[in-house]
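Dear colleague,

Please find below the structure that I am handing over to you. My notes on it follow directly after.

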Amino acid sequence: MTLQPLPFPADAAGWADFVSERPAQRIARVRELDERLKGEPALSTADRLELWNDTELALAEALSEAYLLSEAHPDAEVRELAEGQVQAVESLSAARLLDRELWSVFADAPTDGLDADQARLLSHLLRDFRRGGVELADDERERARELADRDTELSLTFSRNIRDGRREVQVPVAGLAGLPQDFVDAHPADERGFVTLSTDYPDLMPVRDYASDRATRLALVGAYNDLAWPENDPVLAELLAVRAQRASLLGYPDWADYETETRMIGAGAEIPVFLSRLDDASKPAADAEYPLLLERLRRDVPDVDAVTIADYWYLVGAIKREQYDVDAQLVRSYFPFERVVSGVLDVTGRLLDVEYLPVDAPAWHDDVQSFDVVRGGVRLGRIHLDLHSREGKFSHAACFPLAPGVAGRVLPEAALLCNFSRGLLEHDEVVTFFHEFGHLVHDILGGHQRFARFSGVATEWDFVEAPSQLLEEWAWDADVLASFSGDADGRPIPADLVARMRTADGFGRALEVRRQLGHANVSYRLHVDRPSDLQAETERIYAATSPVQPLPGQHSYAGFGHLTGYGACYYTYQWSLVIARDLLSGFGEGLMDPEAARRYRTEVLERGGSRDARELVEAFLGRASSFDAYQEWLAGR
């Protein structure tokens, strides 16, 4: 049987019905299946697991479709309808885990004769019931349900306020000094001689990288650091309180312990231990890098006391240009948007033995490009690229699952939501594209599992970034970049320039780790300590973590979107990076080595979540993961 992709509406008028009716049908289907599970005691354990898989598939389909459209559809009414469906699906999911009758269907089920996949599914779902609160007293179970629903509601509000929180600043024409000419041309002055800049990425990133006028950098980065404030101040305060109450009710010391139980790190107390290790590893190099930034800033602003986060990217770029002969404006000239898109498709296609065939199919916006992922004439899945900013759209870069692939039943689909320029891309954006595409191919290639629970990017949450961080390395390879880059005359980026880029990339690396440590500490400490003054504590943490100082009096936590999905566990990015640097050692014969690529594809990506992450790593490397490769990378070796 040929599996069919999602049937998106062919006209704008159909989207409201699509986002209302499809999730409602799946919710009804789940309720029907639950009644079967509870009403047919003669079912074998294997049959019960198949029915449970059907419910998880229906819930995942409903949630994925609604969540994507809540973040990406251009019509605010459709986004609002989609948010309501996300709330309904999440509420049902939480309520099911509190249903003792449903729990008993599996808690009392005999395990004789189950194969490894079935036993894994049973173990995971029983763990979910326990973590959901099914063993609590009746009044406590009701309270657990209320708290779970409120968590979802607050998280959606937090994300919506960020998505809708776009800000603008006005600067004089002279404030654009240092910016690329195409950027200046795209930002004409008004009749008063002022230029309007927004906090959208196509404005923010060039300004923070190139604006030699410090006032311009301070103005725009300052506006970005106040996204969704003050709206998200009470939202986050309540969200942290709700999560603390949930953790306590469910028997966990704090929210970090609740979240980490199902992750590689294993316990909340291990987060500060891990972060301390990163602190020790990065501090000497960061302490050596920072004075160079301060000295460079004082050439522009002689009486300045400290480098701020508004100066950081500009100064790193200036030093790379002046000391390493890497001019980022020259580099970007080799990366027109369309070349980068075709290049990422070509490189990953060769690496993973797939083709991407463009399809002319309806989608939620005209910007969306859709491709079938094909190998040997067989369609493995479908991807959707929504790569430019617009009002009301998710404002960062991320992969969103759309259809959870199940072998023989559902074709996996996923989408990228990014905010790239339509012209030239910064090399950092090329790296970001490879990173997010890593999630996308993981979703598709891992989307052929027997059970929906283990489909796609379904490993432990602190492993999911590793495949994407690994794929970033291809954006630093001279041969890879030469295969798709091209300046205005079509000439590819020179290999010697890429070599200098790689050398220069080592500068500021430790300070970047310190910046990431700041995010991780904020994520952890806000959830565990729950400070009464979010602004003061967030600023204190950032100031203590890195010599590069936060802008005083601002509220970056209000726009820290990872606080909803990643919760207390932003440490994930560095944890995964430790693994990614080690996975790279498996490509010792070159990044396009077909044998290494085949083993990586089959042992890591195509397994989805059917094995624990440690097993995936060991199967590819032939050993357990080590910290050594990360340590060497941090030292620039």
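Of the 637 residues in the chain, 57% are buried. Please keep in mind throughout that this is a predicted model.

Overall form. The radius of gyration is 25 Å, which agrees with the value near 26 Å that a compact globule of 637 residues would have. Along the principal axes, the C-alpha atoms occupy a box of roughly 80 × 55 × 55 Å. The chain contains 26 helices and 7 strands. Among contacts with a separation of 6 or more, 73% join residues that lie 24 or more positions apart.

The pair α1 and α2. Two packed helices are described by the angle between their axes and by the distance between those axes. Helix α1 spans residues 15-39 and helix α2 spans residues 45-72; their axes come within 9 Å and cross at roughly 160°. Because angles over 145 degrees count as roughly antiparallel, α1 is roughly antiparallel to α2. The crossing of these two helices is left-handed.

Which residues of α1 and α2 meet? From α1, the contact includes Trp15, Phe18, Val19, Arg22, Val30, Leu33 and Leu37. From α2, the participants include Arg48, Leu51, Trp52, Leu59, Glu61, Glu65 and Leu69. Sorted by class, the contact of α1 with α2 comprises 14 nonpolar, 1 polar and 9 charged residues. Thr55 of α2 is one of the residues in this contact, as are Asp34 of α1 and Asp54 of α2.

With kind regards

Technical notes
Residues numbered from 1 in each chain as written. Predicted model: local features only at pLDDT ≥ 70, side-chain atom pairs only at ≥ 80, totals over all residues. Heavy atoms only, no water. Axes fitted to C-alpha atoms, helices over the stretch in contact; angles between N-to-C directions. Helix = DSSP H or I, 4+ residues; strand = E, 2+ residues; numbered from the N terminus. Parallel < 35°, antiparallel > 145°, perpendicular 65-115°, else oblique. Left-handed = near helix turned anticlockwise from the far one by under 90°. Contact = heavy atoms within 4.5 Å. Nonpolar A, V, L, I, M, F, W, Y, C, P; charged D, E, K, R; others polar. Rg over C-alpha atoms; globule rule 2.2 N^0.38 Å. Buried < 20%, exposed > 50% of the residue type's maximum accessible area, 1.4 Å probe, protein only.
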